[in-house]
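Please open the structure in your viewer and keep the selection tool at hand. The tour begins at a single residue and then moves outward to the whole chain.

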Amino acid sequence: MSGVIEGQTRQGRPALPLQPRGPPSIARLREPVDREKTCPLLLRVFTKSGGHHPAEDFAVRGKEPKDEVQIYTWKDANLRELTDLVKEVSQEARKRDAKLSFAFVYPDKNGRFVVRPVGMTYSYGNGRRLDDAKTLAELGFQIGDYLSVAIL
């Protein structure tokens with residue numbers, strides 16, 4: 001006979017549910033969010049042609065770069081979805097040969113802002129490129145991070 005009978009151990013204590021240890025698995029990160037029941041987050045997106053904004057541009061709160069787009073989305077949004085939203089507001093992103101480079105901007109342990117590249121998409125991709133399907137959650141996005149989009 002096994003040591004667990006109807007959720008109890010041999011000592012009569014209830015068995016604890018098994019929780020995965022370590023970082024979340026890709027399978028857990030890919031779980032879709034119920035967008036009808038889950039409140040979206042505000043994603044502050046800063047676009048720039050030719051490259052990302054330097055980290056110093058974000059150093060003073062309230063004096064972030066002026067080319068900001070605010071998007072309400074969920075952590076399961078992928079880079080293809082974000083590319084299509086950026087194309088709605090940026091003429092340069094609509095060019096046939098445009099590449100969009102995505103980077104998270106956040107403060108490090110010392111309070112200095114870091115610009116960390118996380119992926120690249122093409123303006124008119126077919127959704128099958130490697131980075132198109134990556135979600136914000138998979139890439140390590142945390143609520144409060146900014147998103148820098150360089151249009152190349």
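Select aspartate 76 in this predicted model. The residue sits in a loop, with strand E2 (68-73) on one side and helix H2 (79-89) on the other.

Is aspartate 76 buried or exposed? Its relative accessibility is 15%, and because buried means under 20%, aspartate 76 counts as buried.

Next, display the side chain of aspartate 76 together with valine 33. A polar atom of this side chain lies 3.0 Å from the backbone nitrogen of valine 33. Then add arginine 35 to the selection. Which parts of aspartate 76 and arginine 35 does a polar contact join? The contact is between their side chains, at 2.8 Å.

Now extend the selection to the other residues around aspartate 76. When neighbours within four places in sequence are left aside, the residues in contact with aspartate 76 are Glu31, Pro32, Val33, Arg35, Glu81 and Thr135.

Finally, select the whole protein chain and show it as a cartoon. Two helices and five strands can be found in the protein chain. Followed from the N terminus, the elements appear in the order α-β-β-α-β-β-β.

With the whole chain still selected, consider its contacts. Among contacts in the protein chain with a separation of 6 or more, 66% are between residues 24 or more positions apart.

The last stop is the surface. The protein chain exposes about 10200 Å², of which carbon and sulfur atoms supply 52%. Of its 152 residues, 36% count as buried, and aspartate 76, the starting point, also counts as buried.

Notes: Residues numbered from 1 in each chain as written. Predicted model: local features only at pLDDT ≥ 70, side-chain atom pairs only at ≥ 80, totals over all residues. Heavy atoms only, no water. Helix = DSSP H or I, 4+ residues; strand = E, 2+ residues; numbered from the N terminus. Buried < 20%, exposed > 50% of the residue type's maximum accessible area, 1.4 Å probe, protein only. Polar contact = N/O pair within 3.5 Å; in protein donor to acceptor, adjacent residues only side chain to side chain. Contact = heavy atoms within 4.5 Å. Areas by Shrake-Rupley, 256 points an atom, 1.4 Å probe, with all protein chains shown as cover.
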